[in-house]
Amino acid sequence: MLLKIKNLRIINKANIKINGITVITGDNCTGKSTICKTLFTIFDTLYDTKKEINNLCYKKILKKNFSDVFNNQINSLSDLNSIANIVLTIKNKKTIIKFSNNKCIKLKIPRETFHNAFYINHSSVKDLLLDLLAKDNILTDEKHSSFIQKIYTILDNIINSNTILQNNKYNNSIYIDNLPISLKMFIILKLLLKQHVLKKKDILILDKPEAYLNPKWQIQYAQIIILLQKIFDLNIIITTHSADFLTAIEYYAKKYKNINKCKFYLAKNKDNFNTFIDVTKKTEEIYKQLFAPKFYLDKLSYELTRDK
């Protein structure tokens, strides 16, 4: 899968390959979340495409969905007269979407079923959690593969293994609204498994999932993500600012032998031009940027000590 974006909001240019696990990190305000939202909106709109619905209807639906996601600011924020161009290529079939003045002016979609996509970030966890709880799939205790059992072991160490969420409550006593986001992040993964929602080749979009997790939970979350990808052959897109989380992704991908399905991108802003660089073969470029603040603090600590 290849996602190409040009002149969409603050993104000037992005070519992102997705075939397993794609990790995007780098400068703030460069469009990392825009990539996540764009991909999710496309899949969410076109999932299980119906042949009887024509392109005009899909144009209206896409325009509404993109407007809702981006608050009606779809085109380039620095060049309002430019054309926003999105091309999603899957198995040599292209979905082409163009926007002008925040309106969809071109849409070309292949007549085939899109996979389901799940978007997880701090603002979406509650709604996704409630959607999963509303499903009537039977929770079963069938035998699992060793990888799935490993995931349940991690989850059960974090979430009480007997916990069942019902009636918007956790363990029949705590309302979902009162649960910490960190715990919700793990509960969602558990329900995706227990409710048999995840299917082969589905899309999992994780926008800074480590933001509310302590370092230990970041590492455990990374392990689960790698295992889920291996079990279901998922396409997973992750944005992160955490060196610990990124390192855990790399190490567990090597441990479970799916590092060859990982791509790493570094978002860069140069002269107000936002682009994304493939650094899969030189991830040290990412760590150089992530560790720069620590080096600065080490230097500051040395100066403070010296001045004493």
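This passage describes a sheet of strands and a nonpolar surface patch in a predicted model.

The sheet is open and contains 5 strands, arranged in the order β2-β1-β4-β5-β6 with antiparallel pairing. Its edges are formed by β2 (11-17) and β6 (103-108), each of which pairs on one side only. From one strand to the next, the twist averages 10°. In a regular strand, side chains alternate between the two faces of the sheet.

Within this sheet, strand β4 (residues 84-90) runs antiparallel to β5, and 7 bridges join the two. Among the facing residues, Val87 stands opposite Ile96 in β5. Strands β4 and β5 form a hairpin with 2 residues between them. In the turn of this hairpin, Lys91 has a positive phi of about 50°.

Strand β5 (residues 93-100) is in turn joined to β6 by 5 bridges, and these two strands also run antiparallel. Phe99 stands opposite Cys104 in β6, while Ser100 has Lys103 of β6 as its bridge partner. The hairpin of β5 and β6 has 2 residues between the strands, and Asn101 takes a positive phi near 50° there.

A separate feature concerns the surface. Tyr296, Leu297, Leu300 and Leu304 form a nonpolar patch, with about 410 Å² of accessible area together. One of these residues, Leu297, lies in helix α8, which spans residues 284-307. Leu297 is classed as exposed because its relative accessible area of 51% lies over the 50% cut-off for that class.

Methods
Residues numbered from 1 in each chain as written. Predicted model: local features only at pLDDT ≥ 70, side-chain atom pairs only at ≥ 80, totals over all residues. Heavy atoms only, no water. Patch = residues over 30% accessible without salt bridge, like charges linked within 9 Å, V, L, I, M, F, W, Y side chains within 5 Å. Areas by Shrake-Rupley, 256 points an atom, 1.4 Å probe, with all protein chains shown as cover. Salt bridge = Lys/Arg side-chain N within 4 Å of Asp/Glu carboxyl O. Helix = DSSP H or I, 4+ residues; strand = E, 2+ residues; numbered from the N terminus. Buried < 20%, exposed > 50% of the residue type's maximum accessible area, 1.4 Å probe, protein only. Pairing = 2+ DSSP bridges. Axes fitted to C-alpha atoms, helices over the stretch in contact; angles between N-to-C directions.
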